[in-house]
Amino acid sequence: MTTATIHQYVPKTAPATGERPEVPIRHMDFQFDARELDDTFFRNTELASAYFEALSIFLTYGEDLVIDTARYHRQFVKDPELKRLVTALIGQEAIHSKMHNEFNDVLAKHRYPVNFYRFLADRVFELGFKKLSNRMQLSLMAGIEHFTAVLAEYMMKHEDIFYESHDEKQRALWMWHMLEESEHKDIAYDVFQELSGDYGLRMRGFALAAFTIFFLVPLGGSLIPVFRKPSNLLRPSYWKDVRRSLAVLAGPREGVFGSTIKHTLDYLRRDFHPSDHDTSAYLEYYKEKLLHPETGLLTPYMTKEFIPGKRA
Ligand SMILES: [Fe+2]
Ligand SMILES: [Fe+2]
């Protein structure tokens, strides 16, 4: 890898050193079981749930790119606190990728064409994104993290969605991921700003991340129900599901992407910072709900938790 271009960065809205919340690395063991898998997990839909299954596959590749990019650029980060948080980001993403891969292995047992999608995602990342320059990958990393932060905030605001299915492990997987994406949402952006800060470059990374989320993943997701059951194309009930799925994904009032478009596009602002979207109250609420030693939803699945480089 070649050396990234380093520019002086003066943080405008990033929290000052010492004020940043901790980002713990939590090891999980979900023991997914194909027999428990609800393939209409998201809003009791077939197609929108398939979008999240395709996302689960693409995410592992996106997370591996974030890990490699963060690991390479960590050496150039001057702020010691940010450097420590980069290590936490890498740790959280490594476990996300591992857990989603375990989930995807279970999807594969469920007759879903996971290996074909892994092959396609692998081609997109190996022949496309990983051939980009270091500075472009740095921007793409920040772009990916923006989309996961938008998605996490949406999910935190719509807790009920998780309880429309009995699939407890899928619920735990997505809620754990949601919590941690929100915990570390500033880090990749701050690294980008410290090492580059180039607005045009940031926009190009955003465009690539948007292309993946709005085109590549839906393309994959839209084919899943057809691969799984070609007769779906002839069933009127399936086309009803398509309409409902489009509403829960793209609808302007409550759709995952339709209702968050303002937040998504806020990234285009020159003085944007992820912390402009304050999720601290949600984080407090979900930490209690998910991690409480006795009643936490994640407690049965969490095997270890630690904070990298934490001062005594
Ligand atoms: Fe992640
Ligand atoms: Fe992330």
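Tutor: Before we look at the metals, take one definition: donors are N, O and S atoms within 2.8 Å of the metal, and water is not among the atoms, so a site may look incomplete. Please also keep in mind that this is a predicted model.

Student: With that in hand, which residue bridges the iron ion (ligand 2) and the iron ion (ligand 1), and how far apart do the two ions lie?

Tutor: The bridging residue is E93, and the two iron ions lie 3.8 Å apart.

Student: Which residues coordinate the iron ion (ligand 2)?

Tutor: The iron ion (ligand 2) is held by oxygen atoms of E93, E145 and E181 together with the NE2 atom of H184, where E145 and E181 are each listed with two OE entries, and the distances run from 1.8 to 2.7 Å. Along the chain, these donor residues follow the spacing E-x51-E-x35-E-x2-H. The pair E145 and E181 links distant parts of the chain, since E145 belongs to helix α4 (residues 134–157) and E181 to helix α5 (residues 168–183), 36 residues apart.

Student: Are E145 and E181 buried or exposed?

Tutor: E145 has a relative accessibility of 3% and therefore counts as buried, and E181, also at 3%, counts as buried too.

Student: How should I read the angles at a metal site, and is the site of the iron ion (ligand 2) regular or irregular?

Tutor: The general idea is that ideal angles at a metal are 90 or 180 degrees for six octahedral donors. In this structure, the angles among the 6 donor atoms of the iron ion (ligand 2) span 52 to 155 degrees, and the site is irregular.

Student: What are the protein donors of the iron ion (ligand 1)?

Tutor: The iron ion (ligand 1) has as its protein donors OE atoms of E63, E93 and E181, the ND1 atom of H96 and the NE2 atom of H177, at 2.0 to 2.3 Å. Their spacing in sequence is E-x29-E-x2-H-x80-H-x3-E. Here the pair H96 and E181 links distant parts of the chain, with H96 in helix α2 (residues 80–109) and E181 in helix α5, 85 residues apart. H96 counts as buried because its relative accessibility is 0%.

Student: Let us turn to charged side chains. How many salt bridges does a search of the whole structure find?

Tutor: The search of the whole structure finds 23 salt bridges. One of them joins the side chains of R228 and D39, at 3.8 Å from N to O. This pair links distant parts of the chain, with R228 in helix α7 (residues 199–228) and D39 in the loop between β1 (25–28) and α1 (47–73), 189 residues apart. R228, at 15% relative accessibility, counts as buried, whereas D39, at 23%, counts as partly exposed.

Student: What separates K98 and E102 along helix α2?

Tutor: K98 and E102 are separated by about one helical turn, because they are 4 residues apart in helix α2. They form a salt bridge whose closest N and O atoms are 3.5 Å apart, and E102 is partly exposed, with a relative accessible area of 27%. Another salt bridge joins R123 to D122, with the closest N and O atoms 2.8 Å apart. R123 counts as partly exposed at 35% relative accessibility, and D122 is partly exposed as well, at 22%.

Student: Which residues are linked in a network of salt bridges?

Tutor: Such a network links R26, E180, E183 and E305.

Student: Where is D241 found, and which side chain of opposite charge is nearest to D241?

Tutor: D241 is found in helix α8 (residues 236–250). D241 is buried yet has no salt bridge, and the nearest side chain of opposite charge, R244, is 6.1 Å away; a salt bridge would need the nitrogen and the carboxyl oxygen to be within 4 Å. The side chain of D241 does reach the backbone nitrogen of E46, at 2.7 Å. Leaving aside neighbours within four places in sequence, D241 is in contact with N44, T45, E46 and L47.

Student: As a last case, where is the place of R269?

Tutor: R269 lies in the loop between α9 (261–266) and α10 (280–291), and with 32% relative accessibility R269 counts as partly exposed. The side chain of R269 makes polar contacts with the side chain of D266, at 2.7 Å, and with the side chain of D276, at 2.9 Å. Not counting residues up to four places away in sequence, R269 touches Y199, R202 and D276.

Definitions and conventions: Residues are numbered from 1 along each chain as its sequence is written. Chains are lettered from A and ligands numbered from 1 in the order in which they are written. This is a predicted model: local features need pLDDT of at least 70, side-chain atom pairs count only at pLDDT 80 or more; totals for chains, interfaces and linings use all residues. Side-chain values use heavy atoms; hydrogens and water are left out. Donors are N, O and S atoms within 2.8 Å of the metal (3.2 Å for Na, K and Ca); water is not among the atoms, so sites may look incomplete. Four donors count as tetrahedral if all angles lie between 85 and 135 degrees; four count as square planar and six as octahedral if opposite donors are over 155 degrees apart and all others between 65 and 115; anything else is irregular. Helices (H or I, at least four residues) and strands (E, at least two) are DSSP runs, numbered from the N terminus. Buried means under 20% relative accessible area, exposed over 50%, partly exposed in between (1.4 Å probe, protein chains only). Lys and Arg count as positive and Asp and Glu as negative; His and the chain ends are not counted. A polar contact is a pair of N or O atoms within 3.5 Å; within protein, one must be able to donate a hydrogen and the other to accept it, and residues adjacent in sequence count only if both atoms are side-chain atoms. Contact means heavy atoms within 4.5 Å.
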